[in-house]
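Subject: Structure handover

Hello,

Here is the structure for your files. My notes on it follow below.

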Amino acid sequence: MSLTLLARHNPLASTQQQLRVLSQTQACTPFDERLRQVALAPLRATGITVLQVNVGKLCNQTCRHCHVDAGPDREERMSRETAEECVRVLAESDIPTLDITGGAPELNPHFRWLVEQAAALGRRVMDRCNLSVLLLPSQADLGEFLARHRVEVVASLPYFRRTQTDAQRGGGVYDKSIAALKLLNRLGYGREGTGLVLTLVHNPVGAFLPPKQGAIESQFHRELAREHGIVFNRLYTITNMPISRFLEFLLETGNYDGYMQRLANAFNPSAAVGVMCRYTLSVGWDGTLYDCDFNQMLDLPVATPGLTHIRHLSRARLIELGTRRIVTGNHCYGCTAGAGSSCGGAVAT
C-alpha cells in the first residue's frame, strides 16, 4: 500500500512508515551527525518571532509535491477553541508575525476571525494561499477581505509556464493562478506604494534543488509581466521536502536515494544556522506544538516536557520554548541544502 493510501486509513501508521524510511536511508550521513560535525548540535531555537498556525488539511487542490497531503477529502480542521488559544498566545506575547497555512487555510470556517483578531492586535498576518481558492464561488470576496486587513499573501506558483505548473498542481491550475494574481493586482497587491505585499513561492517540478532565488525571481518578474502584465513584490524558493506525497513520488520513481544524496551533498552549515525552526513555533490544527510545519507532518512534536499543546502556553513557558532543542532528522537536509529553504525562502547566499 502506498504512503498516500495508507494515510487515508491510518495517518499515524503513515508517519511511522515515513520516519522509518528516512531514518534507515543509506544515501547520506545521519543529519544529527552532520550537525555535530559542524558544531551545531544540538540545534536550538533563538527566540520566537513567527507563530505559524496550520488550520487544517482541507484543500481544493491535490498537488503532487504536497508535504501536508492536503486535498478535498481531508476533514482535519482547527476548531474555534484552538483558534482562540492562538489569539490568546499572540495577545500575551510580543510575537510579531502570524503565519497561517493549511491545506487551503481560507477554507477553515474560523480563518477570517483569526485574521481579524491578529490584525486588531497589530500583528503582521501572512496567508499561505494556493491562488485558485480565490476563484471559488464561496470565496468571492476573499481578495477584498485580505486587502482590507492588510494580509500579506504568500502565493504558490511553481513556475511561470503552464506545463510545469499543471504537471505539479493539476490540469487548469496555472490558468486559475494567473486569473487570481490579476485579481490581486487589481486590488493593489504587488503594486508599489500600496503596502499590500504579494510574495510568490517557487518549488522545483521534480527531484531537483531550486535555482538561486535572485535569478529565478528575476525570471518570474520578467515573464509574468511580459505574458500577463502581472507584478509582485518578491519570490521565495522552497525545496521539495522528502515527506508525505513527495516522498511517495520519490520512492515510486526510484529517485529517493539520489535525491537524499543530492540534498546531503549540498548541506550548507550557513543555511543550518538560519533555518526557520530556530525562530518559529508551529501549531497543528489540533493545537499540538511543533518546531516546524514539516515536523508537524511527521508527528514530531516539540521535545520540551509538559508543552504538548498550545493551551499549556504561558508567557513564561513561551520564553522557555525560545531556547528549546529542535527535533531534527534526515528530512532536515531539505532545509539546509544549498542556499537553504524555509517558509521564508532561501536563508543563505
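A cavity here is a set of points, on a 1 Å grid over the protein atoms alone, where a 1.4 Å probe fits but cannot get out, and its lining residues have an atom within 4 Å of a point. This is a predicted model, in which local features need pLDDT of at least 70 and side-chain atom pairs count only at pLDDT 80 or more, while totals for chains, interfaces and linings use all residues. Residues are numbered from 1 along each chain as its sequence is written, and side-chain values use heavy atoms, with hydrogens and water left out.

The second largest cavity has 16 lining residues, and V275, C277, C292, C332 and C335 lie nearest its centre. At least two lining residues come from each of α13 (293-297) and α15 (333-336); helices are DSSP runs of H or I with at least four residues, and strands are runs of E with at least two, numbered from the N terminus.

D291 sits in the loop between β8 (289-290) and α13. D291 is buried (under 20% relative accessible area, 1.4 Å probe, protein chains only), at a value of 0%. Its side chain makes a polar contact of 2.6 Å with the side chain of R324, and reaches the backbone nitrogen of V327 at 2.9 Å. A polar contact is a pair of N or O atoms within 3.5 Å; within protein, one must be able to donate a hydrogen and the other to accept it, and residues adjacent in sequence count only if both atoms are side-chain atoms.

A225 belongs to helix α9 (residues 213-228).

Regards

How values were computed
1 Å grid on protein atoms, 1.4 Å probe; cavity = no way out; pocket = protein on both sides within 12 Å on 5 of 7 lines; lining within 4 Å. Buried < 20%, exposed > 50% of the residue type's maximum accessible area, 1.4 Å probe, protein only.
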